[in-house]
Amino acid sequence: MAIINENYLKLPGSYLFAEIARRVTGFRNDNPNANVIRLGIGDVTKPLPPAIVKAMHAAVEEMAHADTFRGYGPEQGYSFLINKIIETDYAARGISIEEDEVFVSDGSKSDVGNIQEIFGINNIVAITDPVYPVYLDTNVMAGRTGELKDGMFEKVTYLPCNAENQFKPALPDHKVDLIYLCSPNNPTGTTLSKAELKKWVDYAKENDAIILYDAAYEAYIREEDVPHSIYEIEGAKEVAIEFRSFSKNAGFTGTRCAFTVVPKTVMGKKANGEEYPLNKLWNRRHTTKFNGTPYIVQQGAAAVYTPEGQEQIKAIVDYYMTNAQIIREGLASAGIEAFGGVNAPYIWLKTPNNMSSWSFFDKLLSEANIVGTPGTGFGPSGEGYFRLTAFGNRENTEEAVHRIKTRLSL
Ligand code: PLP
């Protein structure tokens, strides 16, 4: 019988969403007439904008005719999309990225999950706490961690982010090799400024570390001082890999398209100390294990960069950000301390009266019939916090805020 990868057994079951579902079902059974509003989802709700739909229809039509049909495309993505990405997301910000430094994929989840494969097993991994769970779980699966003890995996460096440090992770007090940063952050909705990010780039340079920078929520940035790309920081092209997605800016959560930038100047090293470009390794991995994002989807993604596409996605992001503002202001007027929601679709609230995350979940569900996400689901430092999202529709968002203000006994 084949031996299994026992690293998988170190992972606890996907308790969070199963437990949320269990509690919501229980509540619904006991209160069949309650109108439950979900502000816990991390998925978008607005449909694909018309410019993107039109481009995808045209691409489907091309696929229907022998002279325009396309089979396998370049695994790294079509030039028509990569060049738009480079022009709009990088060159326009004064960042020079070459075509063979961009890898188009089927999503950032796969990319942030798969990237660890190109690194040795003994690297020390640092994650912020709370965290988007994929960074941690994929390193557990690979065997880069020890066992789970008191909610934390051995051998992993956890960087606590809380109200006391304004959700800015402190630099590790020991050497780490791989650092996952996410800004704007899921789940806290907070961001790193240029000066803060510079500290991380400097740390990485001094310690020969690599930063894995997840900018999936870049489109939500509103404030001037928040970098849209880590490559806005001097020296980052030597130490950072950046992940971007069309999921949250253009509604591609179900359509699937993202990209990863691996500058040719980012180096790892071989056991003998010789430097080796990570771009080459990622190219090898990507072309061996991935056969390209569908042509139709890449045409849709390219339409994001047309003037109509840009206008339409901006309108959607603005809509969600107005929801975020409504939630933030509603919480403030209910006397609940909250963070995020200014450059991100997530609002991270401090549970009132030091309630546990799950107690607040139950209270919000029973008194206001609202479902959110307990902070503990994102790591031990999430205890005492709770995530609400701005991806709902306006009516539900307003109704939810009204209920928080009028029904919640604090
Ligand atoms: N990175 C972060 C921080 C996310 O929150 C998500 C999705 O929620 C992703 C990546 C995944 O994005 P994609 O839909 O491109 O796989």
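How many bridges pair strand β14 with strand β17, and in which sense do the two run? In this predicted model, β14 (residues 346-350) and β17 (residues 385-389) pair over five bridges, in the antiparallel sense. One spot to look at is L349, which stands opposite F386 in β17. Step back a little and you find that these two strands belong to an open sheet of four, with the order β13-β14-β17-β16 and antiparallel pairing. The edges are β13 (338-340) and β16 (373-374), each of which pairs on one side only. As a reminder, strands of a sheet pair through backbone hydrogen bonds, either parallel or antiparallel.

Now for the whole chain. The protein has twelve helices and 17 strands. Its radius of gyration is 22 Å, close to the 22 Å that the globule rule gives for 410 residues, so the chain is as compact as a globular protein of that length. Along the principal axes, the C-alpha trace spans about 60 × 55 × 55 Å. Of the 410 residues, 53% count as buried. Sequence-distant partners account for much of the contact list: take the contacts with a separation of 6 or more, and 73% of them come from residues 24 or more positions apart. On the outside, the accessible surface comes to about 18,100 Å², and carbon and sulfur atoms own 51% of that. As for charge, there are 41 positive and 51 negative ones, and their mean positions are 2 Å apart.

Next stop, strand β10 (residues 258-261). What sits on each of its faces, and are those residues buried or exposed? A258 and T260 are on one side, F259 and V261 on the other, and all of them are buried, so both faces of β10 are covered. That fits the usual pattern: in a regular strand the side chains alternate between the two faces of the sheet. β10 also has pairing partners. Strand β2 (residues 102-105) is joined to β10 by four bridges and runs antiparallel to it, with V102 taking V261 as its bridge partner. Strand β9 (residues 240-245) is likewise joined to β10 by four antiparallel bridges, and here R244 is matched with F259.

From there, hop to T293, in the loop between α8 (278-289) and α9 (295-303). Although T293 is a loop residue, its relative accessible area is 5%, so it counts as buried. What does T293 touch beyond its neighbours within four places in sequence? Its contacts are V104, S105, D106, R256, C257 and Q298. The helix that follows this loop, α9, is mostly covered, with eight of its nine residues buried. Among them are Y295, V297, Q298 and the alanines A301, A302 and A303. The cover over the buried residues of α9 includes α2 (50-63), α3 (79-90), β2 and α10 (307-333).

Another buried loop residue is Q116, which lies between α4 (108-114) and β3 (125-129). Its relative accessibility is 7%, so Q116 falls under the 20% cut-off for buried. Leaving out residues up to four places away in sequence, Q116 touches T138, N139, A142, R144 and Y180. The pair Q116 and A142 is 26 residues apart in sequence, with C-alpha atoms 8.1 Å apart.

I37, in the strand β1 (residues 37-38), is buried too, with a relative accessible area of 1%. Where do its sequence-distant contacts lie? I37 touches N369, I370, V371, N396, E399, A400 and R403, not counting residues up to four places away in sequence.

Finally, a few backbone details worth a look. The peptide bond from D129 to P130 is cis, with omega near 5 degrees, and P130 sits in the loop between β3 and α5 (133-142). A cis bond also joins N186 and P187, with omega about 20 degrees; P187 is in the loop between β7 (178-182) and α6 (194-207). Then there are positive phi values outside glycine. Q166, with phi of about 55 degrees, lies in the loop between β6 (157-160) and β7, and is exposed at 57% relative accessible area. N354 has phi near 55 degrees and lies in the loop between β14 and α11 (357-368). At 66% relative accessibility, N354 counts as exposed.

How values were computed
Residues numbered from 1 in each chain as written. Predicted model: local features only at pLDDT ≥ 70, side-chain atom pairs only at ≥ 80, totals over all residues. Heavy atoms only, no water. Rg over C-alpha atoms; globule rule 2.2 N^0.38 Å. Buried < 20%, exposed > 50% of the residue type's maximum accessible area, 1.4 Å probe, protein only. Contact = heavy atoms within 4.5 Å. Areas by Shrake-Rupley, 256 points an atom, 1.4 Å probe, with all protein chains shown as cover. Lys, Arg positive; Asp, Glu negative; His and termini not counted. Charge placed at Lys NZ, Arg CZ, Asp CG, Glu CD. Pairing = 2+ DSSP bridges.
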